[in-house]
Amino acid sequence: MEKMENCGDRACLERVHAHTLATLQKQNIPLLPEPWTLVDARATLTLKLPDHGLGIEKTTDHLLQDIAPSLNGSSLSPNYYGFVTGGITPAARIAESIVSLYDQNPQVHLPDQTVASNVEDKALRLLMDLLHLDQNAWSGVLSTGGTASNILGLACGREYVINQRIRSRQGENPPDTVGSLGLLRACSIAGVEDVHIYTTMAHSSLCKASSILGLGRSRVQHVGRSSSDIAFDLRELERNLEINHLNSVSIVVVSCAEVNTGLFATDGYEQLQVLRTLCDKYGAWLHVDGGKHHEVLHHGLERHQQLIPPVAFGLFARLLHEFPEFEKVAQGAEGMELADSIAGDGHKLLNVPYDCGFFFSHHKGVSQQVFQNPNAAYLNTANAVTDAIQSPLNTGIENSRRFRALPVFASLMAYGRDGYRDMLKRQIRFARAVAMYVYDHDALELLPEIVFHSKDRVLQDIFIIVIFRAKDKELNNELVKRINTGSKMYVSGTVWDGSPASRIAVSNWQVNPERDFSIVKSVLDDVLRSWSQET
Ligand SMILES: Cc1ncc(COP(=O)(O)O)c(C=O)c1O
């Protein structure tokens with residue numbers, strides 16, 4: 001390998017930099033690459049490692065000419081409404097380029113060598129501030145996303161509930177913990193036959209986390225009112241906690257889909273209090289899987305809800321608790337401070353680059369019991385006793401890790417609480433304008449129809465997602481395709497009540513309610529007009 005100076009790397013860096021600037025300045029970012037571009041790009045991807053490398057210049061050509069044009073605009077375009085992808089704020093993008101340049105590895109807190117772990121600590125604290133969590137009561141770590149944060153939450157919950165059982169048998173301060181003994185031995189000492197995870201409509205990643213941690217996917221149990229109900233059935237939950245109390249331990253996960261349906265309880269805080277009381281009574285751990293818009297069903301209360309996958313960004317509704325216009329959604333995010341742990345992701349509504357998640361816990365010591373990286377003299381952090389920052393390798397999954405805190409820190413500093421509030425307000429207002437258009441349209445139906453039966457509900461309950469279908473069944477079967485054909489906007493398809501539906505998820509910081517509404521309206525008007533001309 002030649003020395004960098006001889007490789008023309010500077011010219012290549014300048015070309016990439018110019019490409020970045022030109023892309024960011026484009027008025028219309030392509031939403032998807034053309035199909036033939038994808039075919040051509042795939043054909044250029046060689047399977048064979050070259051004996052003699054291409055060199056940096058040819059490789060740069062390959063990246064800029066073949067690969068970059070074949071990537072989609074999911075993050076760059078404000079009109080990509082598929083899934084919930086988020087974007088990257090300008091401040092986060094600038095920080096991200098510094099992350100790549102310096103390539104820090106904030107695993108051990110090294111106060112004499114780098115400020116990286118201090119930045120992570122501050123980024124987490126700013127995030128707590130944004131979400132109205134008391135910095136003194138919570139500790140946190142950044143992760144790769146919501147899934148990793150759920151693994152962290154279930155691992156801490158598992159540790160806590162089983163250790164508590166050991167303590168009840170061996171007295172306070174027993175030497176035995178799950179972290180040191182392993183799950184099987186600890187359960188045997190604790191007399192624990194099963195670990196139950198009670199939730200409603202778990203996100204798939206919760207089952208994955210449960211499997212990874214040796215708890216089992218099947219132990220994630222739905223305690224909603226019925227198979228189609230996201231609301232906790234408190235009577236059923238308590239019955240389960242009570243029956244299983246003797247030989248089992250439990251983790252309760254608030255993992256809700258309200259962001260999709262727009263359904264919120266009238267008093268979120270009280271409902272979390274009920275869950276907290278139940279968990280305290282039966283020694284269970286309470287974890288919030290960031291889809292914080294929870295709705296807990298009171299005994300005997302009838303509600304009609306639908307199965308929708310949960311989403312890990314509802315907790316951002318906590319930013320809006322002062323605004324009557326958003327009162328209902330903010331109520332749904334109340335009370336999370338009563339949980340033992342909270343999982344969330346940053347790469348969606350925080351608009352920082354993939355991959356970024358966060359995990360907050362009320363029990364600093366429990367994280368250390370699980371994630372302590374023992375007996376590695378070369379990772380000794382003894383010289384870091386001057387301040388209270390924990391080395392992330394002892395509180396999170398990875399040892400080596402990306403400096404993903406910098407874009408979080410930069411974006412929160414650059415825009416502050418007001419900037420993030422403004423972003424979220426624009427996103428919700430736009431989603432509500434689209435939802436109202438659908439609601440008022442004779443040819444379209446806003447879903448779930450049983451929920452959005454009045455304008456008031458649309459205007460109060462819609463958060464950032466709009467699900468709808470065409471009333472004409474044949475058109476509905478191809479609605480997503482027709483909407484996406486013109487490449488002015490991109491929506492993803494879903495299934496609702498057994499038939500196709502279109503889903504608009506608003507998560508990009510660039511949203512401009514007026515501009516984007518007129519784009520969506522003109523696309524939908526065109527699709528409906530051409531359909532009626534054809535039929
Ligand atoms: C409630 C919930 N939990 C977990 C996840 C997984 O997050 P990630 O894709 O960041 O791993 C998601 C993703 O949407 C989610 O909505």
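Which residue in E4 stands opposite Tyr-198? The residue opposite Tyr-198 is Gln-221 in E4, and this report describes the surroundings of that pair before turning to the core and the C-terminal strands.

The model is predicted, so that local features need pLDDT of at least 70 and side-chain atom pairs count only at pLDDT 80 or more, whereas totals for chains, interfaces and linings use all residues. Residues are numbered from 1 along each chain as its sequence is written.

## Overall composition

The protein contains 19 helices and 14 strands, where helices (H or I, at least four residues) and strands (E, at least two) are DSSP runs numbered from the N terminus. Of its 535 residues, 46% count as buried; a residue is buried if 20 or more other C-beta atoms lie within 10 Å of its own, exposed if 12 or fewer, and partly exposed in between, with C-beta atoms placed from the backbone. Among contacts (C-beta atoms, placed from the backbone, within 7 Å) between residues at least 6 apart in sequence, 75% join residues at least 24 apart.

## The seven-stranded sheet and a helix pair

An open sheet of 7 strands, with mixed pairing, follows the order E2-E10-E9-E7-E6-E3-E4. Its edge strands, each pairing on one side only, are E2 (139–143) and E4 (220–222), and the twist averages 25° from one strand to the next. Strands of a sheet pair through backbone hydrogen bonds, either parallel or antiparallel.

Helix H6 (residues 146–170) and helix H9 (residues 204–212) have axes that come within 9 Å and cross at roughly 50°, the axes being lines fitted to C-alpha atoms, for helices over the stretch in contact, with angles running from 0 to 180 degrees between N-to-C directions. That angle makes H6 oblique to H9, since angles under 35 degrees count as roughly parallel, over 145 as roughly antiparallel, 65 to 115 as roughly perpendicular and the rest as oblique. The contact involves residues of H6 including Gly-146, Asn-150 and Leu-154, and residues of H9 including Leu-206, Ala-209 and Ile-212.

## The nonpolar core

The largest nonpolar core (buried Ala, Val, Leu, Ile, Met, Phe, Trp, Tyr and Cys residues joined through C-beta atoms within 7 Å) has 130 residues, and among those with the most contacts inside it are Val-434, Ala-435 and Val-466. Helix H15 (residues 405–440) supplies the largest share of this core, 17 residues. Leaving aside neighbours within four places in sequence, Val-466 is in contact with Ala-431, Val-434, Ala-435, Val-438 and Ile-504.

Val-520, in helix H19 (residues 513–534), is buried because 22 other C-beta atoms lie within 10 Å. With neighbours within four places again left aside, Val-520 is in contact with Val-434 and Met-489, and its C-alpha atom is separated by 9.7 Å from that of Tyr-437, 83 residues away along the chain.

## Strand pairings

Strand E14 (residues 499–505) is largely enclosed by the rest of the structure, because 5 of its 7 residues are buried. The table lists pairings of E14 and of E4, two strands being paired if DSSP finds at least two bridges between them.

| Strand | Partner | Sense | Bridges |
|---|---|---|---|
| E3 (residues 194–199) | E4 | parallel | 3 bridges |
| E12 (residues 465–470) | E14 | antiparallel | 4 bridges |
| E13 (residues 490–496) | E14 | antiparallel | 5 bridges |

Arg-503 in E14 is the bridge partner of Ile-467 and also of Ser-492. E13 and E14 form a hairpin with 2 residues between them, and Asp-497 in the turn has a positive phi of about 55°.

Notes:
Contact = placed C-beta atoms within 7 Å.
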